[in-house]
Amino acid sequence: MDARVIALVARKEVRDALRNRWFLLYAAGFALLAIALSQLSTGDSGTAGYAGFGRTAAGLVNLVLFVVPLMGLTLGAQSLAGERERGTLATLLAQPVTRTEVLLGKFGGLALALGAALLLGFGLAGAWVAARGGGVEAGAYAQVVAAAALLALATLSIGFLISSAARRTSTATAVALFVWLALVFAGDLGLMGSAMTMRMPVRTLLALTLLNPLEAYRIGGIAAITGGLDVLGPAGVYADRVLGASLVAVLVAVLVAWCVVPLTAAGVIFARRGIR
């Protein structure tokens with residue numbers, strides 16, 4: 001495996017992302033919504049201290065839960081399937097490159113593009129709060145941004161798994177949107193409704209919550225902002241009591257697993273199937 005080849009493919013993928021209308025729309029929309037949330041959080045006259053930061057960060061966590069997984073899933077789903085449908089994948093694989101190098105290069109390029117979009121949105125939001133006179137707790141804000149980056153990588157990895165198995169871009173995109181809806185609605189609202197209907201034990205509710213990468217990010221973001229999980233109710237109190245200081249490590253492990261496992265599965269499928 002040649003790192004130079006991976007870097008070349010990654011650069012190509014970044015250039016393609018910058019020409020992708022959907023990616024540019026996602027990035028611009030995320031940045032504008034981040035600024036709008038900052039304005040609503042600080043108010044017309046500004047907010048002193050860390051109150052403005054807390055409200056802005058909480059709003060950004062909810063924004064990330066909806067926008068970032070959609071970005072990662074759809075961009076990842078269109079990557080291999082799009083090149084396969086256009087016929088450019090056959091041309092690329094005819095070069096002296098391996099499929100692993102192509103997969104890692106494409107993943108790395110899209111990861112860089114997603115990271116730039118996140119930094120733009122979070123950077124503008126933080127600058128807006130600071131300019132309005134609100135305090136910005138750099139450590140907590142950095143944790144929220146890092147967790148958002150892990151969530152972006154996790155959903156991008158799932159998107160690549162979808163793309164490796166799909167023959168057409170439309171099919172891959174449709175499956176990605178279905179997975180996005182499933183992850184969103186299987187989150188807080190879905191789990192709480194199931195817990196109430198099925199009288200689910202708190203430990204089972206927590207385990208199911210941690211299996212969802214979106215919920216793992218939400219818990220990590222709330223913990224970074226508030227320093228505790230009391231706002232999540234019994235499940236949050238139980239998580240604090242059982243996991244304690246290891247909570248962050250568990251959440252990071254969950255998100256990293258969602259980054260590695262789907263991408264590995266995508267590599268296996270991509271290596272075994274034909275070009276079409």
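## Close-up views of a predicted model

**View 1. Arg218 and Glu215 form a salt bridge within helix α10.** In this predicted model, the closest N and O atoms of Arg218 and Glu215 are 2.7 Å apart. The two residues are separated by about one helical turn, because they lie three residues apart in helix α10. Both partners fall under the 20% limit for buried residues: Arg218 has a relative accessibility of 13%, and Glu215 has a relative accessible area of 5%.

**View 2. Lys12 and Asp16 meet in a salt bridge in helix α1.** The N to O distance between the side chains of Lys12 and Asp16 is 2.9 Å. Helix α1 spans residues 3–18, and the two residues sit four positions apart in it, about one turn of the helix. Lys12 is partly exposed, at 26% relative accessible area, and Asp16 is also partly exposed, at 25%. Lys12 and Asp16 also belong to a network of salt bridges that links them with Glu13, Arg19, Glu83 and Lys106. A search of the whole structure finds seven salt bridges.

**View 3. Arg168 and Glu85 are joined by a salt bridge.** The side chains of Arg168 and Glu85 meet with an N to O distance of 3.4 Å. This pair links distant parts of the chain, 83 residues apart. Arg168 is in the loop between α6 (138–165) and α7 (169–185), whereas Glu85 is in helix α3 (residues 51–86). Arg168 counts as partly exposed because its relative accessibility is 47%, between the limits of 20% and 50%. Glu85 is partly exposed as well, with a relative accessible area of 36%.

**View 4. Phe107 and Phe160 form an edge-to-face aromatic pair.** Two aromatic pairs are found in a search of the whole structure. In the pair of Phe107 and Phe160, the ring centres are 5.6 Å apart and the planes make an angle of 70°. The angle is over 60 degrees, so the pair of Phe107 and Phe160 counts as edge-to-face. Phe107 lies in helix α5 (residues 99–131) and Phe160 in helix α6, so the pair ties together parts that are 53 residues apart in sequence. Both Phe107 and Phe160 are buried.

**View 5. The charged end of Arg99 sits over the ring of Phe270.** The distance from the charged end of Arg99 to the centre of the Phe270 ring is 5.2 Å.

**View 6. The side chain of Asn212 has a polar atom 3.0 Å from the backbone oxygen of Leu183.** Asn212 is placed in the loop between α9 (202–211) and α10 (213–226). Asn212 counts as buried because its relative accessibility is 7%, under the 20% limit.

**View 7. Five valines make a nonpolar surface patch: Val248, Val252, Val256, Val260 and Val261.** The area of this patch is about 390 Å². One of its members, Val260, lies in helix α12 (residues 247–272). With a relative accessibility of 44%, Val260 counts as partly exposed.

How values were computed
Residues numbered from 1 in each chain as written. Predicted model: local features only at pLDDT ≥ 70, side-chain atom pairs only at ≥ 80, totals over all residues. Heavy atoms only, no water. Buried < 20%, exposed > 50% of the residue type's maximum accessible area, 1.4 Å probe, protein only. Polar contact = N/O pair within 3.5 Å; in protein donor to acceptor, adjacent residues only side chain to side chain. Patch = residues over 30% accessible without salt bridge, like charges linked within 9 Å, V, L, I, M, F, W, Y side chains within 5 Å. Areas by Shrake-Rupley, 256 points an atom, 1.4 Å probe, with all protein chains shown as cover. Salt bridge = Lys/Arg side-chain N within 4 Å of Asp/Glu carboxyl O. Phe/Tyr/Trp six-rings, centres within 6.5 Å; stacked < 30°, edge-to-face > 60°. Lys NZ or Arg CZ within 6 Å of the ring centre and 35° of its normal.
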